[in-house]
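Please walk through this model with me, from one helix to its surroundings and then out to the surface.

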Amino acid sequence: IIMAAPNGKQWQPHYPCDYYKQEYKDCTSLGNRFHSYYVFGEKPDCSQWQKDFKACTTWMQTRTEEAKQELLKTEDRHLRQKYYTNPVWQHRVSPPKEWYLPLQNPTQRPQQANATSSA
């Protein structure tokens, strides 16, 4: 069974299979392993890139639903890591209290204080 996309075209992976192959190759390279060991103290786990490449090639050859679901899961995980991983601050669930109030300009505060103290 060939899956059709909503627009009538056949579903295709977001990235070509060569992308996953290249990412696996880059991950297993000596330079990347050295960098990961230097920065994180451990070698990188490249098994997911290899699984992604195998799922992509399986999809391209057989068009099985299992390979398609594996690729969709992988692409979702990659997007979440890309857009929602931020070690600097936590994402808000709701806006801060009094978000609607105008912001105070810090450059105007000292001038207002000086104007009131001289009057």
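**A helix, its buried face and a surface patch**

His-78 lies in helix H4. This is a predicted model. Is His-78 buried or exposed? Its relative accessibility is 15%. The cut-off for buried is under 20%, so His-78 counts as buried. Which residues does His-78 touch, leaving aside neighbours within four places in sequence? They are Trp-49 and Asp-52.

Both of those contacts lead to helix H3. Trp-49 and Asp-52 are buried in H3, along with Ala-55, Cys-56 and Trp-59. Seen down the axis of H3, the buried residues fall within an arc of 125°, so they line one face of the helix. What does that face meet? The buried residues of H3 pack against helix H1 (17-27) and helix H4 (65-84).

Now check the length of H3. The helix has 16 residues, 47-62. At 1.5 Å a residue, H3 should span 22 Å. Its end C-alpha atoms are 22 Å apart, so the span agrees with the expected value. Just after H3 comes Arg-63. The phi of Arg-63 is positive, near 60°.

Next, turn to the surface. Phe-40 belongs to helix H2, residues 30-40. Its relative accessible area is 62%. Exposed means over 50%, so Phe-40 is exposed. Which residues make the nonpolar surface patch? Phe-40 does so with Phe-34, Tyr-38 and Val-39. The patch covers about 550 Å².

Definitions and conventions: Residues are numbered from 1 along each chain as its sequence is written. This is a predicted model: local features need pLDDT of at least 70, side-chain atom pairs count only at pLDDT 80 or more; totals for chains, interfaces and linings use all residues. Side-chain values use heavy atoms; hydrogens and water are left out. Helices (H or I, at least four residues) and strands (E, at least two) are DSSP runs, numbered from the N terminus. The expected span of a helix is 1.5 Å times one less than its number of residues. Buried means under 20% relative accessible area, exposed over 50%, partly exposed in between (1.4 Å probe, protein chains only). The arc is that of the directions from the helix axis to the C-beta atoms. Contact means heavy atoms within 4.5 Å. Patches are made of residues with over 30% relative accessible area and no salt bridge: like charges are joined within 9 Å, nonpolar side chains (Val, Leu, Ile, Met, Phe, Trp, Tyr) within 5 Å. Accessible areas come from the Shrake-Rupley method with a 1.4 Å probe; for residues, only the protein chains shown count as cover. A salt bridge is a side-chain nitrogen of Lys or Arg within 4 Å of a carboxyl oxygen of Asp or Glu.
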